[in-house]
Amino acid sequence: MRREVCCSGNLRIGRRVDTVKQTTARALPASIDDTLSLLAAADYLADRSLATVLFLALRMGRPLFLEGEAGVGKTEVAKVLAATLGRRLIRLQCYEGLDVAAAVYEWNYAAQMIAIRLAEAEGAADRDRLEHDVFSERFLIKRPLLQALEPDTAGAPVLLIDELDRTDEAFEAFLLEVLADFQVTIPELGTVKAAHPPIVVVTSNRTREIHDALKRRCLYHWVGYPTAARELQIVRAKVPGVARKLSQEVVHFVQALRKEDLFKAPGVAETLDWASALAELDAVALDPATVSDTLGVLLKYQDDIARLEGTRAKELIDEVRAELRAAE
């Protein structure tokens, strides 16, 4: 007969995971406006549509599936939630070939073998008892998904399943049980079910399509590039040392770049990196030489950099300044 057990919160063993802890847990937001304020408390300036779906996911206890280009702030949502709600952040970074042993659990085979050898040396003859002992929880190495089902005094943790599109369909299918019932099955122990389901954020850069069966278990939101006004707010909040005129030019230059025929358009993360880099160079405004010299902070492919170096960079700067003058 299969047993159903709850994780006991024992010492976690195994691969390092990202964690965020606060000393005081905070109640879930009571409204969309509260959700916006919660995100803004950590300088995450979200639009109302994202705050709405996040509020609903928290209230309904449903996983949140965030899809969009890299660098638009999908992963940051989970980090901000953990920090502002005072919950533990558990991050499962997905990659090709990710399997149950790396994502959920595996047995500590070396420790099991030592236990078996010691039992044999002591003359233990009860094979059933020995098998029960070596397949007990003290030999279980808990990976992120299993850790997320453990109880926590600060409340249910935030589980970030990052870049799910990097895994294969077999692992995606395995996640269905976790996201549908917040439980995993360990053949030797039984079904491990969370007493309080974690707050789940799943992200995808859409390098491949995620199956509908998994999406149906989540609330979905596409995270797009922000408007120029919101991106300017983000830059000024995250890079307070950047000059006012420079921050305007940086944001409008990046917004213009996203309309170019590039292999990979810069995300908000690259905008912040570029603004920080220019501030370090004591720049007060964009000029073609500085832009060309620092394009490697903003763009990550040589073909894109080559397309922008020189004449095109100067043309974009002139267009940005004309646009800003017209808006005054």
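This passage walks through two pockets and two helix pairs in a predicted model.

The pockets come first. The largest pocket holds a volume of about 420 Å³. Of the 24 residues lining this pocket, Y44, V72, G73, I234 and V268 sit closest to its centre. Several elements give two or more residues to that lining, namely helix α2 (48-60), strand β10 (219-222), helix α10 and helix α12 (268-280). Sorted by class, the lining of the largest pocket comes out at 13 nonpolar, six polar and five charged residues.

Next comes the second largest pocket, with about 210 Å³ of space. Its lining is made of 14 residues, and those closest to the centre are G71, K74, T75, D162 and E163. Helix α3 (74-85) and strand β3 (89-93) each supply at least two residues of this lining. The largest share, four residues, comes from α3. In terms of class, the lining of the second largest pocket splits into two nonpolar, six polar and six charged residues.

Helix α10, already met in the lining of the largest pocket, also takes part in a helix pair. Helix α10 covers residues 228-238 and packs against helix α11, residues 244-257, at an angle of about 135 degrees, with the two axes 9 Å apart. That angle is why α10 counts as oblique to α11. As for handedness, α10 passes α11 in a right-handed crossing. On the α10 side, the residues in contact are A228, E231, L232, V235 and R236, and they meet R244, S247, Q248, V251, H252, V254 and Q255 of α11. Taken by class, this contact of α10 with α11 includes five nonpolar, four polar and three charged residues.

The other helix pair lies further along the chain, with helix α13 at residues 288-298 and helix α15 at residues 311-327. Here the packing angle is about 120 degrees, and the axes are 9 Å apart. With that angle, α13 is therefore oblique to α15. The crossing of α13 past α15 is right-handed. Helix α13 brings P288, V291 and S292 to the contact, while A313, K314 and I317 come from α15. By class, four nonpolar residues, one polar and one charged make up the contact of α13 with α15.

To pull the picture together, α10 runs through both parts of this account: this helix gives two or more residues to the lining of the largest pocket, and it packs against α11 with axes 9 Å apart. The second largest pocket, for its part, draws four of its lining residues from α3.

Key
Residues numbered from 1 in each chain as written. Predicted model: local features only at pLDDT ≥ 70, side-chain atom pairs only at ≥ 80, totals over all residues. Heavy atoms only, no water. Axes fitted to C-alpha atoms, helices over the stretch in contact; angles between N-to-C directions. Parallel < 35°, antiparallel > 145°, perpendicular 65-115°, else oblique. Left-handed = near helix turned anticlockwise from the far one by under 90°. Contact = heavy atoms within 4.5 Å. Nonpolar A, V, L, I, M, F, W, Y, C, P; charged D, E, K, R; others polar. 1 Å grid on protein atoms, 1.4 Å probe; cavity = no way out; pocket = protein on both sides within 12 Å on 5 of 7 lines; lining within 4 Å. Points joined across faces, edges and corners; volume = space filled by probe spheres on them.
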